[in-house]
Structures are given as C-alpha cells and as structure tokens.
Amino acid sequence: MNDDLLGKALAATASAPGRSERIGISIIELFEMFPDDEAARKWFESVLWAGGQRTCPYCGSPDTAWEGSKPSVPYRCIICHGHFSVKTGTVMHRSKIGYRKWAIAIYMFATSLKGVSSMKIHRELHITQKSAWFMVQRLREAWKDTAGAEKMDGPVEIDEAFFGGSESNKHAGKKGLAKKTAVVGVKDRTTKRIVARPVPETTKARLENFVEAHVDADAKKYTDENSAYSGLSNHESVKHGVGEYVRGQAHTNGMESFWSMMRRGYDGTFHHLSTEHLHRYVNEFAGRHNIRPLDTDAMMSGIAGGMHGRRLTYRLLIKDGVHARRRERVQAA
C-alpha cells in the first residue's frame, strides 16, 4: 500500500471515534461496479495508472498507443515496442483470470477480517483450487510495504506470538520436525498502526533489532516480562506469568487483540499456516488492520495499488516452499 493511502488510514483512525462512519460496498453495489471484465479493466487502469497516465511497464515511457491486435496485451509502447496491459508488471502478470474476478477477490480480501481461504475463492469465482491458491498468495504480495518506512513515535506495544501445528497431533516420526514459528509485532497506540514479522528465534538480539528498525529510540515502549526486552530504553513491562496484565498504561492488549484476530483466521479460515508462507499471511493481517478505518472502495484501491511491481511467479512461490522445508530439516537434524 502506498504512503498516501496509509496517511489517509491514519488520519481516519485519529479523527473517528469508531469505525461506524466507514462507507461500505454491498454485494449488489459490487456487481454494479463490475458488471463485466471491461468495467473491471477500466477500474484497474484508473487505480494503477494514476491520473489516467498510461506508461510502459518496461521502459516507463508515456508514449504508448492502443493496438488491440493482441487482446491480452492491447497496448504498445512507441519507444521500446513492447506490448502490455494493466496486468503487466503487477501480481496479475500473465494471469488468465479475468479482471472482474480479480476485482471481486480484492473485495473479499478487503472485507474479510479473518481472511479468505483459497477454497472459498475457488468456489465463489469458479476457478480451480490451484489457481485460487496462487491468486491469494499473489494478492498477499500487495501488503508487503503496508507498514511504511517511518519509525513509530509511540507509545508502542511490543509482543510476540507463535503459530504452527500442535505436536500432539503429529505422527511419531514427524514430531519435532516442524516447530511453532515466532512472529513479533509492534503497535503504535497513537496511530493504531501495526508492523509484524516472523522471526527465526526470539533472542534478545533479534527482538531488539526488530524494535530498533521500527520504533523511535525515544518512544515509550510497553512489553511483557520477556527478558529479551530488558535492554530497551524508555521501557516498562507487565508480568503475565503472575497474572499481571495491566498496570496503569503498561499493557500489551492492543497486540494481544491483533494476535487473537490472526488466531481466529488460523482456526476458522485457514486451519494451517505453513512456515514457508507465514510472512505473507502476517503481511495480510497487518495490512488489513492498518486500512480498516478507510471506506471499502479506498481499501480496494489500496490493495490494487499495492500490486504494482510485485510480480510473483508460481515457480518462485514453490521454490520458497522447497527452501523453507529444507531449512527445517537441517535445523531438526
């Protein structure tokens, strides 16, 4: 999501006492917006080509023309002679799925707080389950930079959670091969913005590096009693181990609420979050949280705008999984 849209989301959070003022889009309105592929294509072009300025995704030249001889790539660059469409160079690159189905999938992503499974996309859009799985993984790429580059001024809450299968449910030969994966997150209480990332371990160095990357050094920091946070400056903690969850302003309830939403998605929507793709799910939940104050059409535009420059091939997606499983086997040996 671009910085302008993130700024609007933060302004909406600061000005509105709740989320009841958001303007939604009903299913009927959605299909009126996108009655066919042509309407959906024009919507994508209006979002991805800001100001109606069509540019070549290969050389960046605005000197382009409609040619139409190749329906899947109807535009041609006068400078480099490349053929392209609004899908080119985005997560939709070379996708045979129509624009209308992509737009509907974006709507489902924006409005489903607990996420959308590939099986639901498969059933609702009438595409194969393999295509639906690839589609949702590509859509998650649009959330990659939602957190933005600016450090949080605070006060902030910092906490970690663990996701993965239960050892008790595994066959004897597989126990210990795939442990729960740690995810660390930080929430700015003023802006409500959340940044979260999977981490290979919750060591002092790892967690301090995460905090340093995303939080201003002078910001007030609240955590639980995890000793890995003991070296943080301007820091206060609560002791969950002895039943202390709130002491004045010291608590991590905001991050706990975020973890709760992710766990509801885990239990009720996905049932399993693979280690190799966990970072994409984390980006999705953090990204959707950060734009929740926006109207639905702005949320959809934000997701579509984040598609630019995020091409993800199926080969690379599978390769990520193979490498992650190989690392798990090495660590377990």
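This note goes through a predicted model, moving from the whole chain to its sheet, its helix contacts and one lysine.

1. Overall make-up. The protein has 11 helices and eight strands, and buried residues make up 46% of its 333 residues. Taking the contacts in the protein with a separation of 6 or more, residues that stand 24 or more positions apart account for 65% of them.

2. The sheet. Five strands form an open sheet with mixed pairing, and the order across it is β6-β5-β4-β7-β8. At the edges are β6 (194-199) and β8 (235-237), each of which pairs on one side only. From one strand to the next, the twist averages 25°.

3. Strand β4 and its neighbours. Strand β4, which spans residues 156-163, is mostly covered, with seven of its eight residues buried. On one hand, β4 runs antiparallel to strand β5 (residues 181-188), and eight bridges join the two; on the other, β4 pairs in the parallel sense with strand β7 (residues 221-223), over two bridges. A reader who wishes to follow this pairing residue by residue may start at Val156, whose bridge partner in β5 is Asp188 and which stands opposite Lys221 in β7. Further along the pairing with β5, Asp159 has Gly185 as its bridge partner.

4. Helices on the sheet. Helix α8, made of residues 253-270, lies across β4, β5 and β6, and its direction runs at about 25° to β4. Helix α9 (residues 278-291) also packs on the sheet, where it touches β5 and β6, and the direction of α9 makes about 170° with that of β6.

5. Helix α3 against helix α4. Helix α3 (residues 37-48) packs with helix α4 (residues 99-111) at an angle of about 60°, the two axes being 7 Å apart, and the crossing of α3 past α4 is left-handed. From α3, the residues that take part are Asp37, Ala40, Arg41, Trp43 and Phe44, and they meet Tyr99, Arg100, Trp102, Ala103 and Ile106 in α4. Sorted by class, this contact has seven nonpolar residues and three charged ones, with no polar residue among them.

6. Helix α3 against helix α10. Helix α3 also packs with helix α10 (residues 296-305), here at an angle of about 75° and with the axes 9 Å apart, so α3 is roughly perpendicular to α10. Trp43, Phe44, Val47 and Leu48 of α3 make this contact with Met300, Ser301, Ala304 and Gly305 of α10. Its residues divide into six nonpolar and two polar, with no charged residue. When the two contacts are read together, Trp43 and Phe44 appear in the list for α4 and again in the list for α10.

7. A closer look at Lys319. Where in the chain's secondary structure does Lys319 sit? Lys319 belongs to helix α11, which covers residues 314-332. Lys319 counts as partly exposed because its relative accessibility is 45%, a value that lies between the 20% limit for buried residues and the 50% limit for exposed ones. From C-alpha to C-alpha, Lys319 and Glu276 are 9.7 Å apart in space, while in sequence they are 43 residues apart.

Key: Residues are numbered from 1 along each chain as its sequence is written. This is a predicted model: local features need pLDDT of at least 70, side-chain atom pairs count only at pLDDT 80 or more; totals for chains, interfaces and linings use all residues. Side-chain values use heavy atoms; hydrogens and water are left out. Buried means under 20% relative accessible area, exposed over 50%, partly exposed in between (1.4 Å probe, protein chains only). Helices (H or I, at least four residues) and strands (E, at least two) are DSSP runs, numbered from the N terminus. Two strands pair if DSSP finds at least two bridges between them. Axes are lines fitted to C-alpha atoms, for helices over the stretch in contact, and angles run from 0 to 180 degrees between N-to-C directions. A crossing is left-handed if the near helix is turned anticlockwise from the far one by less than a right angle, and right-handed if clockwise. Contact means heavy atoms within 4.5 Å. Ala, Val, Leu, Ile, Met, Phe, Trp, Tyr, Cys and Pro count as nonpolar, Asp, Glu, Lys and Arg as charged, and the others, Gly among them, as polar. Angles under 35 degrees count as roughly parallel, over 145 as roughly antiparallel, 65 to 115 as roughly perpendicular and the rest as oblique.
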